[in-house]
Amino acid sequence: MDSTYAATLGGALKSFCASLGVPFVDATGRFTELTQRGKLIYLPYDTHLSPLGHQVLADVVAERIAAAGEFPGRSPAK
């Protein structure tokens, strides 16, 4: 982990989760990519996720679970 990422909230959460042995999934990259393409990930004038943001986060988590082999044969909803 580079020092720039470590100084972010995501970096702090990743370190905290690792210290507890809890998996951590960071959707920042996907959120950034979609936001740069004009997608509304957060509600306007708010810090809460939009319906699309919730779906993207659910997909990122489902991909992580599928990659870990927790639910063989299942893939994220599209």
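The following legends accompany close-up views of a predicted model of a protein chain.

**Figure 1. Overall architecture of the protein chain, an arrangement of 4 helices and 0 strands.**
Read from the N terminus, the order of elements is α-α-α-α. The chain comprises 78 residues, of which 19% are buried. Among the contacts with a separation of 6 or more, 21% are made by residues that stand 24 or more positions apart. The exposed area of the protein chain is about 5800 Å², and 61% of this area comes from carbon and sulfur atoms.

**Figure 2. A nonpolar surface patch formed by Phe 16, Leu 20 and Val 22.**
Taken together, Phe 16, Leu 20 and Val 22 present about 300 Å² of accessible area. Phe 16 belongs to helix 2, which spans residues 9-20. The relative accessible area of Phe 16 is 49%, so this residue is classed as partly exposed; the exposed class requires a value over 50%.

**Figure 3. The largest pocket and its lining residues.**
The space in the largest pocket amounts to about 260 Å³. Two elements, helix 2 and helix 3 (28-36), each give two or more residues to its lining. Helix 2 makes the greatest contribution to this lining, with 3 residues. The lining includes Leu 9, Gly 10 and Leu 13, together with the run Phe 24, Val 25, Asp 26, Ala 27 and Thr 28. Phe 31, Tyr 42, Leu 49 and Leu 57 also line the largest pocket.

**Figure 4. Leu 13 and Lys 14 of helix 2, viewed with Val 25.**
Leu 13 is located in helix 2 and is among the residues that line the largest pocket. With a relative accessibility of 38%, Leu 13 is partly exposed. Val 25, which also lines the largest pocket, is 12 residues away from Leu 13 along the chain, and the C-alpha atoms of the two residues are 9.7 Å apart. Lys 14 is likewise a residue of helix 2. Lys 14 has a relative accessible area of 38% and is therefore partly exposed. Between Lys 14 and Val 25, the separation is 11 residues in sequence and 8.1 Å from C-alpha to C-alpha.

**Figure 5. The salt bridge between Glu 63 and Arg 30.**
The structure contains 2 salt bridges, and the side chains of Glu 63 and Arg 30 form one of them, with an N to O distance of 2.7 Å. Because Glu 63 is in helix 4 (residues 51-67) and Arg 30 is in helix 3, this pair ties together parts of the chain that are 33 residues apart in sequence. Glu 63 has a relative accessible area of 27% and is partly exposed. Arg 30 is also partly exposed, at 30% relative accessibility.

**Figure 6. The salt bridge between Glu 33 and Arg 37.**
In this pair, the closest N and O atoms lie 3.1 Å apart. The two partners fall into separate accessibility classes: Glu 33 is partly exposed, with a relative accessible area of 38%, whereas Arg 37 is exposed, at 54% relative accessibility. The boundary that applies to Arg 37 is 50%, as exposed means a relative accessible area over that value.

**Figure 7. Ser 50, a buried residue in the loop between helix 3 and helix 4.**
Ser 50 is situated in the loop that joins helix 3 and helix 4. The relative accessible area of Ser 50 is 3%, so the residue is buried; the buried class covers values under 20%. When neighbours within four places in sequence are set aside, the contacts of Ser 50 are with Leu 40, Ile 41, Tyr 42 and Leu 43. Of these, Tyr 42 is also one of the residues lining the largest pocket.

**Figure 8. Tyr 45, a loop residue with a positive phi.**
Tyr 45 is placed in the loop between helix 3 and helix 4, as is Ser 50. The phi angle of Tyr 45 is near 55 degrees, which is a positive value in a residue other than glycine. Most residues other than glycine have a negative phi. Tyr 45 is exposed, with a relative accessibility of 89%, whereas Ser 50 is buried, at 3%.

Note on methods:
Residues are numbered from 1 along each chain as its sequence is written. This is a predicted model: local features need pLDDT of at least 70, side-chain atom pairs count only at pLDDT 80 or more; totals for chains, interfaces and linings use all residues. Side-chain values use heavy atoms; hydrogens and water are left out. Buried means under 20% relative accessible area, exposed over 50%, partly exposed in between (1.4 Å probe, protein chains only). Contact means heavy atoms within 4.5 Å. Accessible areas come from the Shrake-Rupley method with a 1.4 Å probe; for residues, only the protein chains shown count as cover. Patches are made of residues with over 30% relative accessible area and no salt bridge: like charges are joined within 9 Å, nonpolar side chains (Val, Leu, Ile, Met, Phe, Trp, Tyr) within 5 Å. A salt bridge is a side-chain nitrogen of Lys or Arg within 4 Å of a carboxyl oxygen of Asp or Glu. On a 1 Å grid over the protein atoms alone, a cavity is a set of points where a 1.4 Å probe fits but cannot get out, and a pocket is an open set with protein on both sides within 12 Å along at least five of seven lines; lining residues have an atom within 4 Å of a point. Grid points are joined across faces, edges and corners, and a volume is the space filled by probe spheres set on the points.
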